[in-house]
Each structure stands twice: as C-alpha cells, then as structure tokens.
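Biologist: I should like to understand the reasoning behind the terms used for this model. May we go through them one by one?

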Amino acid sequence: MNRKIAAVAAVATVLVASACSSSSSSGGDSKQPTLSKDGKGKTVTVWLMDDAQKGWPTVVDAAKKQFEEETGATLKIEWQTWTNYTTKLDTALLSGNAPDALEVGNTQAAKYIDAGSFVDLTSVKGQFDNSDKWLDSVAASGQSGDGTKTYAVPYYAGARVLIYRKDLFAAAGVTNPPTTLPELKDALAKVKAANAAKEGFSALYLPGQNWYTAASFGAGTFGVKNIVASKSGDKWTGTLSDPKFVEGIKTWNDLQKEFSVGGTTVDEATQDALMAKGNIAAIVGAGWELGSVIDPKAGDPTLADKLATIALPGAAAGKPTPAFLGGSDLAVPAKSANPGLGATFLQIYTNTKQQTELAKFAIPNNKTLVAAYKAAKPENKAAGDAAEGETWFIPNSPMWSGADETALKTAFGAIAAGGDPATELKKVETTIVKDLNG
C-alpha cells in the first residue's frame, strides 16, 4: 500500500464507529453540530498548544470565562507541544479519547479532513465572527480539497519577512528601506561592498534548502494559486516547472549567488543564531525570529536597536513578494463527546473580542483585524503587511507529507549549489505529483 494511503487509512478508522447526524458531508461521516450551550454538569476538554499559554494567556482566560458563563460547562485546557503532536493526536483519535476541540497546524489539517476525523462546520461557519474575511491561505487549509466545506477554523497566522541590520544598511548609505526587488538588490550590493573585507559576510543569507523562501519568489512571478501543484477533478499536475515559476526561482537563485555565503546544503534552522554572530546583514524569516536573534541566551541582545523588519519587497512598491502563510487551525474531532459545545468554544475563542486581544501578539485569523496587529507594536508592521498582501499555501491534500518537503529542500539546495533550476524543478515535480496522485 502507498505509504501515504496507509497513513490516511489509519486515521480514517477513527470514523468507523462514528454516529452521524442527518446531515453528513460528502467527504466522509463527519457529524455536523449545532452550536450548543447546554453544558450544565459537563466538562469540555480542549487541546491547545503552549504557544498560547506563553504568548496570550489572557485571551484563553477570557474565552474560558465567557464559555463557562454562557454554557454552564467546565472548560479543561490541556496544553500541548508540537513535538510528536500528530502521533499523540492520531492515537487519541483512533482510541476514541479525543478532546472536544483542538488545535492543529495548518499544514497538518488536510489528512484529518480527508479522513473524516473532524466535524463538518460548514453549516455553522456563518455564525463565526469575521468568517467572510478569514485570511485566505489559513482558511483554505481548513477546507475540503474543493473548497466547498469547512472543517477547521483559522486561529492565527505567521508570515516571513525581511529581518535586516539597519545599522549596516545605513553605514553602506542605505537609509530608506527598499520597497521593490530592484531597490533591494541595489541596497544589498552597497552593503556587500561596504563589508567586502569581512570574510564569510552575507549581505542577505539565503540558505539553499529554505524552500519556503525560494518558492515565494516563484509565486511572485507565477501567482499565488496552485503553488507546487494544481488539481483538476481527481488528478494533480505539477506547476513547479512552469516557466513563470522558474523565472521567479532564477531571481531567488541570483540573489543567493550574489549575496549569500555558504548554506547551500542547509535550511533556515540556524540562520537566527548565525545572524546574531554579526556576519549577516539580512535574513528572510518569521517575524518572531527577530526575538531569537536578540535572545540573551542563544543570540545577541546588543543587536536589539540595530534590527528592523519589512515585508520582503516584490516587483512593485506596495506589492510584497508573496509570503507563505503558516499558522494554526482549530477543529472539533468527529468522535468528540460534546461536538456542539466544542464548536461553541471555538466560536467564542475566535470571536472579534478575543481575536482583537490576540492581535497584540500574533497575526489574527481575519483581514479586518490585521490592522490591529500592525498597530500593536512597530515590529508587527512587516508581518502584517505580508499577511495583507498575496499569500500562498501548499497543496491542500492528505497525500502531502514531510517527504515532499524534504524533496523540495533537496531540489532547491541543488539549485543553490549550481544545478539548473528548470531541470531540478522538473525532477522534484515528478516525484511530488506521483505522491499526490497516490
């Protein structure tokens, strides 16, 4: 059996004993709940990542209080970590011990949706605040493959930005942030020249296997829809070898060749620590990575006043290079003991009040409140601008896996090391399309 089909089949057994409501989805046996407030004497269990416990506990506390007051139920939050989370979730779903609501990474959602592991929320979606303005890429990750049904609610998002040393840019004569790719290239050339005497200096560190950044450049010329692959009916076809996508990858490759030193065989995992050492003027990373660069233990806190962020410039001013929009979704397991109450918690936890408070700490789930996120702190503007611009997402398929990401890392690393972009992209496209089609 295909390795991915086997994995999906295992998750699918979750629904074997599921009772269905009179309205079931075409994609499986997922129950469709009403939003219930009949919780007297009941305990509702929710799994949330400890990012919230550390980052925005006031949001969780406020939602918990409102939920308990309105339903009469007791809410039990069980804090999780991303390490081995999918294994724990798979086990809970298969054993029938799933919580009443849970958080899942938006790149993980598709396999559970396809397997029917989540309750179909389509009928109640309109009762969620701002559901007509959810961020496109995060909303898409919680939908069926054809986009007609909703099984997971967007929670929050993160976008990659350009994190740069404004002191090094200023010393090279660059006093205004670049607003276009030509301006960025000109600025980097000046920074490179001003630091020519520094061995191993990178004006812009672009590790070859950071495929998310590379693909963003491809999206800048190809467009943000159907990145990596496109689906027609039941068949996937590749888009990586499309000439317009290849054109953008050549732009990325030119930048890494001209301004990045080393890193063709590694990804972005160590770039924050490397930047903290002082030999890198700019990186492309998630907005929170600025904090990692200046972390007292792993980074250099003396750089705090020397760093700035902007959305990665694109072909024209005001139109950033499209960012991959990662983040989390929230869902109700199909075998939840209290699906209606679980859905009600999600409704309360993502309402305008809670999302406005969350916007002080992370990109909220809808376009209306991104402005609040940008206004909360000056350093939020870059990620907010990126989220408001065009964004892209991986193929929304249960057949997508970490193996595909590894293949992409290898392909972009090969390009960075001197391989022909069109040739390497065609090779990895063949591999991924075969996987997606089972």
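Modeller: A polar contact is a pair of N or O atoms within 3.5 Å, one able to donate a hydrogen and the other to accept it. The model itself is predicted.

Biologist: What makes the approach of S401 to the backbone nitrogen of A403 a polar contact?

Modeller: At the start of α17, a side-chain oxygen of S401 lies within 3.1 Å of that nitrogen. The limit is 3.5 Å, so the pair falls inside it.

Biologist: Why is α17 called roughly antiparallel to α18?

Modeller: The axes of α17 (residues 402-416) and α18 (residues 421-436) cross at roughly 175° and come within 9 Å. Angles over 145 degrees count as roughly antiparallel, and therefore α17 is roughly antiparallel to α18.

Biologist: Which residues of α17 and α18 meet, and how do they divide by type?

Modeller: Among them, L408, F412 and I415 of α17 and L425, V428 and I432 of α18 take part. The contact comprises 10 nonpolar, no polar and 3 charged residues. L408, F412 and I415 also belong to the buried residues of α17.

Biologist: How do you know what span to expect of α17?

Modeller: α17 has 15 residues, and at 1.5 Å a residue 21 Å is expected; its first and last C-alpha atoms are 21 Å apart, close to that value. Just after α17, G418 has a positive phi of about 120°.

Biologist: Why does D136, in helix α6 (residues 136-141), count as partly exposed?

Modeller: Its relative accessibility is 48%. Buried means under 20% and exposed over 50%, so D136 lies in between and is partly exposed. The side chain of D136 also makes a polar contact with the side chain of K367, at 3.2 Å.

Technical notes
Residues are numbered from 1 along each chain as its sequence is written. This is a predicted model: local features need pLDDT of at least 70, side-chain atom pairs count only at pLDDT 80 or more; totals for chains, interfaces and linings use all residues. Side-chain values use heavy atoms; hydrogens and water are left out. Axes are lines fitted to C-alpha atoms, for helices over the stretch in contact, and angles run from 0 to 180 degrees between N-to-C directions. Helices (H or I, at least four residues) and strands (E, at least two) are DSSP runs, numbered from the N terminus. Angles under 35 degrees count as roughly parallel, over 145 as roughly antiparallel, 65 to 115 as roughly perpendicular and the rest as oblique. Contact means heavy atoms within 4.5 Å. Ala, Val, Leu, Ile, Met, Phe, Trp, Tyr, Cys and Pro count as nonpolar, Asp, Glu, Lys and Arg as charged, and the others, Gly among them, as polar. The expected span of a helix is 1.5 Å times one less than its number of residues. Buried means under 20% relative accessible area, exposed over 50%, partly exposed in between (1.4 Å probe, protein chains only).
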